[in-house]
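Hello,

Here is the structure I promised to pass on to you. Please have it open while you read my notes below.

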Amino acid sequence: MRQCLWLSSVVAMIVTGLGAQPQVKVEGMLKGYFLAPDGTLKVYRVPFAFPDRPLETDLPTCLFPVWANYYIQFRVRSEIPVKKLEVQVGKQNMTVTTEGTKKSVTVPEISGQWLRVHSKLGLSLRMVIELIEGAKIEIQPQYATQLVGVQMLKIDWRDLERIAKIRQFLRERGDELLPGLRADYVPFLLEGEDGQWVLIGKNFPESWRYKGKTPYSLDIFVPPFRIIVPIEIKQRILAGVVKIPKIGIVIILHYQPGWDTLEEIDKPEQSDRHGERTYALIHEVIHYWFGQKFGWKEKPKSLIFTDLDGYLAWIIESNVLLQALEASTFEEREKVIKDFLFFRWCRHLINCRNSEGEQLLELDEGAVYFLAEKALEIGRETLQIPQTYFPSLFFLDLEPFEHTPIKLTLPFDPLTKAKDFGYAQAKLLDKVIPGWSCNLIKLGTSLDELLTKAIKFSTTTMTEENVRREIRQKAQQMGLTKTSYPSAENYFEVIILAPMSPLKDIPTNFDLKWLTFAGCELVTKSCKIKSERDVMVAQIQSHRSKVLGLRWFLPKSTVLRVKHEENDKVVLEGSGIRSEVAKSEVWKTPQGIAVVPKGWAKVLSSILAKKPEEVIPMKLSKAWTIIALAALTAVGSGVAQAQGVQVTGVVSGQFLNTWTNTMEYHTIDLVSDLEICNYSLLEPLDDEEYEVTIQVTDPEAKLVRVSLLLTDGTEVSVTSDQPSGQLTLTHRGNWIKIFRPIGEFIEWIGKLAIKIVKETGEAELTKFLKDLLQGKKKGILAVHVRICDLEQDTVSAFTNVTIEVWRDNKRILPPPDASWIIMPDENGNWSCPLPKATGYLVRALKFFEFNTCPEVWSGPFKIEENRTTHAQVLFYYHKPIKGRVMEQTSDGQNIALPGAQAYLYKGTNQLSGPWESDSDGYFFIPPLHIDAALNQYGSGSYTVKVIPPSRSMMKPDPLEATKDVNLTKCERTKPNDTCPRALTEDVGIFYFTYKPAFPGPGGGG
């Protein structure tokens, strides 16, 4: 027997404290998703009332609640004012206390709000009404229909509806996508709450079969064991095709809370969530088809490459693919496709290929994305996908073809863009071989080979040298690399020779071809280099070794720091450059310094076309050495070791780690560019002695005294009887005497000054060192993240962002290598103590699809001692494109024209649509669609096309109308950048008239 919430017609009412029964009435509503007796899932509004059961003819005779949130609101009316109201919904209780004068009590009190209850605790109703005179009335309101027992599948119940509709759609239209594409026998595994998993399919043990009400005639099973999916996989992917022990190969769909929220219930036809989950299921069904037809293959292994020209060819492929998609004529498209195939052939010729892996992923991921997109286009109505839904998956991670020079990133893995390359090729194939996917088994499965045959592309014999020349010329022609660089005459030169492979010989050819990139990021076993400034790069290659030469020209006022670490690793930092190169050494050159592999001094002099004696080695220690470049370049050739002015220093002792609450011994470097975040968890101890060591070195200077000024005004010093090129001062003492307190962040050097007396340059050097080691005090940076609706004139807290703090072109919080992030509180606020300084910048980045700016920078901010600096970071809601469609009638009036369809185009490419005009003739293109288009195609001119609704025996004039609109991508990458998407783009009015399709005699038709 089913458990029922059906309330007996005999109403239980207990009245105490009154001789006569007062008149009490209750009217309310329960809403949420229910299963109807025919197995369909729908949102129902179920009235309830007391004393009479409400009459509701539109509801089924019974409804089945599912495992979900439900929403309730009601009103109690009484002849006598109500003092208190106790409400019980199932096992959920609440109490409402009134002022004692109200004869009508509404719950919730604010109009339009609802109480949330969960069906797992029951939905039966019980109320105890306490009147002002002391009487208590207990009642049980009746629902308008019978509520049968709660269905205990703890899933997103709409997933069952989605699967049923996908099966129906593919039965009707699947062959338009792939031959025999169906989902009737595809097994689905749905994740639910509390570790529950639900199977939809056939051929599973009968003992697993779900015993409850079955929607849409599906075969539903509940496995009697737990399935563990690592949390990192759940966070990374929504759905996939996996092999589960005891079950087999299934499509798995992860659970996302929130399917039963008020927003989803009230407007299911506008749910982007529904669009996303439907798209994910279709995508995986197509994957399943590929597995059945071509075999279940493992994901190909990545191969990484460090060839400079191979990387450029790969970027060119990405670039020209976008050009091909944008092409407006067949001839233009064919030419650009040939460019793509040619430069792919070039890349493969210089051994930067993973042919089998690329072709497999391009088909298995890229083509699947294209086919899933196509399925959504032709099945939008059947699958009830909202017009506002536009999957972010459709937008390619390809290089735009109008841009500034690129950043060099090595090594590169061709598989990282195989999905995007495959999607683009599939879309191009649809233009040159319409319906190609329906003949996929017959035609073959390599997309680039299909394109090659379609446009009759062929290659010629070329030497590797000529291939590399072609690649570089194309890169410069497309603006991927710069063609000029500042003269070295007024700059300081830094050179790094970075090994890209184990060094087994020394090259002899130094006819280097330098290319200039907008920064670089190189990571190999031997080196790790990152530059945020322009860098010249040349490839130095021998038979068994490959090295990249990197070259920067810096202002002569630049100060760098450098040190040696284990394995003869040289670490160099400063002016937007950080490098770590193993088994290397530092040399002074006539124009600057160079970091080169050990034993490569002759290579360096050959590159610079200098005599060997002009390239001089530098000695380094394991502590940071400060190099003042202006002083370094003044060193004469007669100095045996070209050091320049160098300062090193450390402080050592026991610190409290405030994170682990343990005592730890640390040696902290005292250098000008110290990353304060490295020591953000350390606190000095009051009773601990700390040792500070400062060493000053200058081979050209004859140092006689170094002094340290303590915070109490006393001075300690070291002197030399004979002038020396190096002096070391060591002092032990209490932290507060040597330094200022560091609090939550290290103060690194507090009120500290070094006095150096030397025979030449005393004043200049003293000032340099004083500035270098000037201590920093602490203040508070308070960040307030807000989002503004410029048209509604509203500002509210924005919490879905991550926060970063930058200074001197470096991110200091979180640290560059940190795995954690900073988020504001529920009010959009965050604060943090920082050292006293100027030039702080705050960066906030949104972290999910939302119609607002992707990132915002704010600043610069000055942190002052013991003061709070407030930083507002203001995002803006992005707005739609708005237009209106009007009909000009025969009597000269203009009236609204509903039902017209609006589209957004870039050239001949339809980006999204249609959006129908409403009863007032207005249409809106949603902001997420616009932002997605701008992410793919960039700022520029777009076209809005409107097609009027058809009418029987009538012909619209014109048949369609277009208007151009200039759209600007939101790229707020600097403080004070404005948001170009904060206001609605109004494209104006589209006018249409209707005329008879077949005019009478003499009518001209």
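Strand E15 (residues 197-200) and strand E16 run antiparallel and are joined by 2 bridges. One residue pair to look for is Ile-200 with its bridge partner in E16, Ile-220. Do keep in mind as you look that this is a predicted model.

These two strands belong to an open sheet of 5 strands with mixed pairing, and the order across it is E16-E15-E14-E18-E17. Strand E16 (220-221) and strand E17 (239-244) are the edges; each has a single partner strand, so one side of each has no neighbour in the sheet.

Next, the helices on this sheet. Helix H1 (residues 158-173) lies across E15, E16, strand E14 (188-191) and strand E18 (248-253), and runs at about 160 degrees to E14. Helix H4 (residues 272-294) also packs on the sheet, where it touches E14, E17 and E18. The direction of H4 makes about 160 degrees with that of E18.

Further along the chain, which order do the strands of the antiparallel open sheet of 4 strands take? They are arranged as E52-E51-E54-E56. At the edges are strand E52 (909-916) and strand E56 (961-967), each pairing on one side only. Direction ignored, neighbouring strands here are turned by 25 degrees against each other on average.

Strand E54 (residues 940-947) pairs with E56 over 7 bridges, in the antiparallel sense. If you would like a place to start there, find Val-946, whose bridge partner in E56 is Ala-961.

Happy exploring, and best wishes

Technical notes
Residues numbered from 1 in each chain as written. Predicted model: local features only at pLDDT ≥ 70, side-chain atom pairs only at ≥ 80, totals over all residues. Heavy atoms only, no water. Pairing = 2+ DSSP bridges. Contact = heavy atoms within 4.5 Å. Axes fitted to C-alpha atoms, helices over the stretch in contact; angles between N-to-C directions.
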